[in-house]
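Grab your viewer and let's work through a few exercises on how a sheet is put together. Try each task yourself before you read the solution.

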Amino acid sequence: MNSSPVARGFLLGAAGAILARTGLRRAMLIKLRRDLAALNAGDYHPLLASFADEAVLVFASGTHRWAGQHHGRASIEAFLQNFVAAGLQGDFRDLLIGGPPWKMRAAVRFDDHAEDPTGTRVYDNRTVLYVTFRWAKVVRQEDFFADTSRIEAFEQHLQLAEEHG
C-alpha cells in the first residue's frame with residue numbers, strides 16, 4: 001500500500017509525540033522516585049529544588065502544622081522540614097501527566113505513614129497530589145487526602161510526643 005507523504009508525515013509526527021510523552025513520563029518517574037528516596041532519608045532539598053520561587057503548595061485545612069497555603073519556596077521549605085521532622089515516609093503509587101511543558105499537569109498517588117520509636121504505625125493516609133508545572137518547575141501543588149481526620153490525630157500524637165520529650 002502506498003501512502004501519501006502527508007499521511008506518512010502525520011503518522012511519523014504522531015509516533016514522535018507518543019514517544020516524547022512516554023520519555024517525559026519515564027523521566028518524571030525517575031526524578032520522582034529519586035526525590036522521594038531522598039525525602040524518606042531526611043533530605044528534602046532535591047524535592048524543594050523542583051518548586052519555582054513563586055510556587056504555592058495547598059494542603060488540607062485544619063489545626064495541624066501543615067495546614068493551609070504555603071506561598072514561595074521559603075514557606076514550602078518549612079513545610080518540608082516539618083514533614084521530615086515528623087518522621088513521615090512516603091510511597092509513590094502512580095503518575096498521570098497531561099498538557100504542554102509550559103502548563104503541564106500531573107496527578108500523583110502518594111501514600112504516607114509514620115511510626116513511633118517502637119515501630120508502631122501511628123499515621124497512615126492516602127493522598128492525591130495535583131501538580132501544575134511550568135517548564136519542569138512546580139508552580140502549584142494541591143494535596144487531597146482520603147481522610148483528613150488522620151492528619152489531626154497525627155498532629156495530636158506529635159504534640160504529646162513533643163511535650164513528653
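**Exercise 1.** Find which residue Leu95 stands opposite in E4, then place the pair in its hairpin.

*Solution.* Start with the pair: Leu95 sits opposite Val108 of E4. Before going on, note that the model is predicted, with local features needing pLDDT of at least 70, side-chain atom pairs counting only at pLDDT 80 or more, and totals for chains, interfaces and linings using all residues. Residues are numbered from 1 along each chain as its sequence is written, and side-chain values use heavy atoms, with hydrogens and water left out. Next, the strands: E3 (residues 89-98) and E4 (residues 104-115) run antiparallel, joined by nine bridges. Strands here are DSSP runs of E, at least two residues, and helices are runs of H or I, at least four, all numbered from the N terminus; two strands pair if DSSP finds at least two bridges between them. Finally, the turn: five residues separate the strands, and Gly99 has a positive phi near 95°.

**Exercise 2.** Work out the strand order of the open sheet, and why one side of E2 and of E3 is left without a neighbour.

*Solution.* Reading across, the six strands go E2-E1-E6-E5-E4-E3, with mixed pairing. E2 (68-71) and E3 are at the edges with a single partner strand each, so each has one side without a neighbour in the sheet. From one strand to the next, the twist averages 15° (axes are lines fitted to C-alpha atoms, for helices over the stretch in contact; angles run from 0 to 180 degrees between N-to-C directions).

**Exercise 3.** Which strands does helix H3 touch?

*Solution.* H3 (residues 72-85) packs on the sheet against E1 (51-59), E2 and E4, contact meaning heavy atoms within 4.5 Å. Its direction makes about 50° with that of E1.
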